[in-house]
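Student: I would like a close look at one part of this protein, taken slowly and with its surroundings explained. Please choose the charged pairs as the starting point and work outward from there.

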Amino acid sequence: MEQVVECLIAGGPQHGVIRRQLWDPRYPAPPAVACGDGAVCIAAACRPAGSGSNRFLLLHPRATGAQIRSMMAIMSTQAAIAKFHLFNEAAPGH
């Protein structure tokens, strides 16, 4: 069954863009995106995004180390925020 996944793009003309797209987890290949300059961004990392969804980090072929690290930091921050919300929803009184 297809799911909506978030794809964070590191490097290239779409650096910093968060794109949502359909992806079928039964298909063995992770998502890939063609950028505005024609280069293909491929998945380098995947994290659960809650509710049976995933978040992928897609790398442009010319992404710099700083661009990759900045997008990895965003992925980590988003994961921490999601855990915080789940913890608060499970707390008594909510």
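**The salt bridges and what surrounds them**

Tutor: This is a predicted model, and a good place to begin is the side chain of glutamate 6, which forms a salt bridge with arginine 55, the closest N and O atoms being 2.8 Å apart. Glutamate 6 belongs to strand β1 and arginine 55 to strand β5 (residues 53–59), so this pair ties together parts of the chain that are 49 residues apart in sequence. Glutamate 6 has a relative accessible area of 15% and therefore counts as buried, since buried means under 20%. Arginine 55, at 9% relative accessibility, is buried as well.

Glutamate 6 also meets the side chain of arginine 20 in a salt bridge, with a distance of 3.0 Å from N to O. Here again distant parts of the chain are linked, because glutamate 6 sits in strand β1 (residues 3–10) while arginine 20 sits in strand β2 (residues 18–23), 14 residues apart. Arginine 20, however, counts as exposed, with a relative accessibility of 55%, so this bridge has a buried glutamate 6 and an exposed arginine 20. Through shared partners, the salt bridges join Glu6, Arg20 and Arg55 into one network.

The structure holds 4 salt bridges, and another of them is formed by arginine 26 with aspartate 24, where the closest N and O atoms are 3.0 Å apart. Arginine 26 is exposed, its relative accessible area being 64%.

To place these pairs in the fold, it helps to step back to the whole chain. The protein has 1 helix and 5 strands, and from the N terminus on its elements run β-β-β-β-β-α. Of its 94 residues, 28% count as buried. Among contacts between residues at least 6 apart in sequence, 42% join residues at least 24 apart. The accessible surface comes to about 5900 Å², and 62% of that area belongs to carbon and sulfur atoms.

Strands β1 and β5, which hold glutamate 6 and arginine 55, are also the elements that give two or more residues to the largest nonpolar core. That core has 9 residues, namely Val5, Cys7, Ile9, Trp23, Val33, Cys35, Cys41, Phe56 and Leu58, and β1 gives the most to it, with 3 residues. A second, separate core has 5 residues, among them Leu8, Ala10, Leu57 and Met75. Within the largest core, cysteine 35 is in contact with Ile9, Pro13, Gln14, Cys41 and His60, once its neighbours within four places in sequence are left aside.

One further residue deserves attention beside this core. Proline 31 is placed in the loop between β2 and β3 (32–34), and with a relative accessible area of 5% it is buried. Not counting residues up to four places away in sequence, proline 31 touches Val5, Cys7, Gln21, Trp23, Ala43, Phe56 and Leu58, and several of these, including Val5, Trp23 and Phe56, are members of the largest nonpolar core. Proline 31 and glutamine 21 are 10 residues apart in sequence, and their C-alpha atoms lie 8.7 Å apart in space.

How values were computed: Residues are numbered from 1 along each chain as its sequence is written. This is a predicted model: local features need pLDDT of at least 70, side-chain atom pairs count only at pLDDT 80 or more; totals for chains, interfaces and linings use all residues. Side-chain values use heavy atoms; hydrogens and water are left out. Helices (H or I, at least four residues) and strands (E, at least two) are DSSP runs, numbered from the N terminus. Buried means under 20% relative accessible area, exposed over 50%, partly exposed in between (1.4 Å probe, protein chains only). Contact means heavy atoms within 4.5 Å. Accessible areas come from the Shrake-Rupley method with a 1.4 Å probe; for residues, only the protein chains shown count as cover. A nonpolar core is a set of buried Ala, Val, Leu, Ile, Met, Phe, Trp, Tyr and Cys residues joined through side-chain atoms within 4.5 Å.
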